[in-house]
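Let's walk through a protein model together, one question at a time. Keep the picture open and try each question yourself before you read on.

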Amino acid sequence: MKFRTRLQITFISIIVLPLLLTALAFFAIGLFLMGSGKGFPVGRLDYASMTENMRQVSAATDNVFFELKRQIETDPARLADTAYLEHVNAGIPHKTTYILVRKDDALYYAGNEAAAEAIFSSLPAFGEGNGAENSEIYFDELDKLVKQLDFRFPDGSEGSAFVVTKVNSLISKKLLVDMFVAMFLILIFTSIVLTRWIHRGVFNPINELNVAMRKIKEGNFDYALQTDAKGEIGDLYRNYEDMRLRLKESLEENKESEKQNRELVSNISHDLKTPITAIKGYVEGIMDGVAVTPEKMDKYIKTIYNKANDMERLINELTYYSGIDNNRIPYNFHRINVADYFGDCVEEVGLDLEQKNIELNYSNLVQPQTMIIADPEQMKKVINNIISNSVKYMDKPHGVIDIRILDEADSIRIEIEDNGKGIAQKDLPKIFERFYRTDASRNSAQGGSGIGLSIVRKIIEDHGGYIWATGKEGEGTCMHFVLRKYIELQNE
C-alpha cells in the first residue's frame, strides 16, 4: 500500500472511527440508563430521556413530593394556603423544579407561571394520580417530569398538586462520567489500532531494511529480502534486492579481475623472462668471445633479434588486449558485403599459407548480397589470429585449412577448420581465456603469448556475436563464430 493511501486511511480513521464508536457507546449507555429507570410509569417516552438517569431526576424532587404528601395526609386544607405553597416552592434546591396546584380545572398556584401555562393543559385529570411514590409522568415534547398528588380543598373542590421538573436541564453526572470513560477508551483503542497498523506496515519493513543495510555494510551480500507488498515499501524492497545483486555481482567481478590481474603479472613475467634470458645468454656469449667465427656471430645476432621481436610482439599484444578489454580501442563499423570481404581475406592469407605448404580451401554458401555490420580491421585481426594459431600448431606434413561461410537465417556462421594436432576436450572451453595454453610447461616451441584467442573472443562479442571451438585431439580443430546479418528495412 502506498504511503499516500496509508495516510489518507489514517486521517479518515482518526475522524470516523472515534465518532462511530462514540455514537455506539452513547447508544449503549443510554439503553443502560433507560434500563435503570424501569418500574416508573413514564408516558410517551422516547430517546430524549437518555440525557438523564430517570432515578436521579425523580430523586431530585422526592423531598418536596413527600412533604406535600405528608401535608395532604395530615391537613390537606393547608395546600389552599398560597403562602405555605410559596414557602415550599422557595425551598426547592433545583430552580428547574417548581410546584403547581390545580383547583378543579383552574390554575390555583404556580411556582413558575410562565412554565405552568405551557404544561397546564396537558396535566392528567383528578384521580389519575394515586399519590404513590411512582405516580410520575414524563412529557416528551416538553421535556418535563411530573409527579401528581390528589386532594380535596376545604370547600370540597377537587385539587391536584404537581411537582414539575424540566428533565433536560439536569445533566446526569453518571452519563458524563460514563461518556468520558467511553471516549477515553475509544481514543486509546483507536490509537492502538492505528499505531499497530502503521508499525506493521511501515516501521517493521524499515527495520528489516536497516538490518539488511547493516549486512551490506559488513560485506554480507547474501542477505535477501523478499516481499509481495505494493507501493513504496514494495519498491524499496525490490530496489534493495537489485542493489544487493548488483553489488554481489560487482564484488565477484572484482575478485575475478584481481585474480586475473595476478595471473597477468605472473604470465607476463614468465613470458618475458624466457626471451630476456636467451638474449642475456647470447650477449654474454658474444662478450666472452664464444662467437669466434662470423657464422656463429651472425647466428647469435639473429637469435637476439628474433627474441627481441618476440618480446615486442608480446608487448604489442598485451597493449592491444588491455586497450580492447577496457574499451579504449574505437571500432569503425561499416556495412560489409560478406562475399567480397571474406573473399579478399582468403586471397590475402592464401599467399602466405602457400609459402608454408599449407592448402587453403574456401567455400561461401551465403547469398551474394548478404551484408553484416563490422569493423573490417578488427575482423581481419580475428581471421589472422585464428589462422596463425592453426599454422602454429600444425603437425602434419600436408597441412589443410578450410574456411566456410554458412547461412543461418538472420545470421552467418564462419568456420575455420585445420588438420593440426587438435585440442583435448577438457581444454576446449578454456582456450579463449587469456594466457591459457594447452601446454602445461608453457615452453611450446611455437611460442605465443596465449592471449590471441581471448582477443578474438572480445572482438566477436563486441560485434554482438559469439564464438566456440570443436575438435578432437590428433585430428584438428574447428573455430566457429556467428555474426548477425544486416537487414535493411524497406518502406512499403
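Before we start, one bit of vocabulary: helices and strands here are DSSP runs, with at least four residues for a helix and at least two for a strand, numbered from the N terminus. And keep in mind that this is a predicted model.

Q: Where is Asn357 placed?
A: Look at what sits on either side of this residue. Helix H9 covers residues 338-355, and strand E7 covers 358-364. So Asn357 belongs to neither run. Its place is the loop between H9 and E7.

Q: Is Asn357 buried or exposed?
A: The cut-off to know is that exposed means over 50% relative accessible area. Asn357 has a relative accessible area of 51%. That puts Asn357 over the line, so the word is exposed.

Q: What is the phi of Asn357, a residue that is not a glycine?
A: The loop between H9 and E7 is the place to look. There, Asn357 has a phi on the positive side though it is not a glycine. The value is about 60°.

Q: Which residue other than glycine, in the loop between E1 and strand E2, has a phi near 55°?
A: Strand E2 covers 106-110, and E1 covers 97-103. The residue in question is partly exposed, at 39% relative accessibility. Its phi is positive, and its name is Asp104.

Q: How far apart in space are Thr96 and Lys144, C-alpha to C-alpha?
A: Thr96 is in the loop between helix H4 and strand E1, and counts as partly exposed at 29% relative accessibility. Along the sequence, Thr96 and Lys144 are 48 residues apart. In space, the C-alpha to C-alpha distance is 9.8 Å.

Q: At what angle do the axes of H9 and H10 cross?
A: These axes come within 11 Å, and the crossing is right-handed. Residues that meet here include Val349 and Leu353 from H9 and Ile387 from H10. By class, the contact has 10 nonpolar, 1 polar and 2 charged residues. The axes cross at roughly 35°.

Q: Is the crossing of H10 and H11 left-handed or right-handed?
A: The axes of H10 and H11 come within 9 Å and cross at roughly 150°. Among the residues that meet are Met379 and Val382 in H10, and Leu453 and Ile459 in H11. The residues of this contact divide into 8 nonpolar, 4 polar and 1 charged. As for its hand, the crossing is left-handed.

Q: How many of the 11 residues of H11 are buried?
A: This helix is mostly covered. Its buried residues include Gly452, Ile455, Lys458 and Ile460. The count of buried residues is 8.

Q: Is Ser454 buried or exposed?
A: Ser454 sits in helix H11, and its contacts beyond four places in sequence are with Tyr321, Phe432, Glu433 and Arg434. Its relative accessible area is 3%. Buried means under 20%, so Ser454 is buried.

Q: Which helix gives the largest share of the largest nonpolar core?
A: In soluble globular proteins, nonpolar side chains tend to be buried together. The largest nonpolar core here has 47 residues, and Ile387, Ile401 and Phe481 have the most contacts inside it. Ile387, for one, touches Val349, Leu353, Ile401, Ile403 and Ile416, leaving out residues up to four places away in sequence. The largest share, 7 residues, comes from helix H9.

Q: Which element of the protein chain has the lowest mean pLDDT?
A: The pLDDT is the predictor's confidence in each residue, and the chain averages 80. At the top end, strand E10 has the highest mean, 95. At the bottom end, with a mean of 59, is helix H2.

Q: What percentage of the 492 residues in the protein chain is buried?
A: Let's finish with the whole chain, which has 11 helices and 12 strands. Of the contacts with a separation of 6 or more, 64% are between residues 24 or more positions apart. Buried residues make up 39%.

Technical notes: Residues numbered from 1 in each chain as written. Predicted model: local features only at pLDDT ≥ 70, side-chain atom pairs only at ≥ 80, totals over all residues. Heavy atoms only, no water. Buried < 20%, exposed > 50% of the residue type's maximum accessible area, 1.4 Å probe, protein only. Contact = heavy atoms within 4.5 Å. Axes fitted to C-alpha atoms, helices over the stretch in contact; angles between N-to-C directions. Left-handed = near helix turned anticlockwise from the far one by under 90°. Nonpolar A, V, L, I, M, F, W, Y, C, P; charged D, E, K, R; others polar. Core = buried A, V, L, I, M, F, W, Y, C linked by side-chain atoms within 4.5 Å. pLDDT = per-residue confidence, 0-100.
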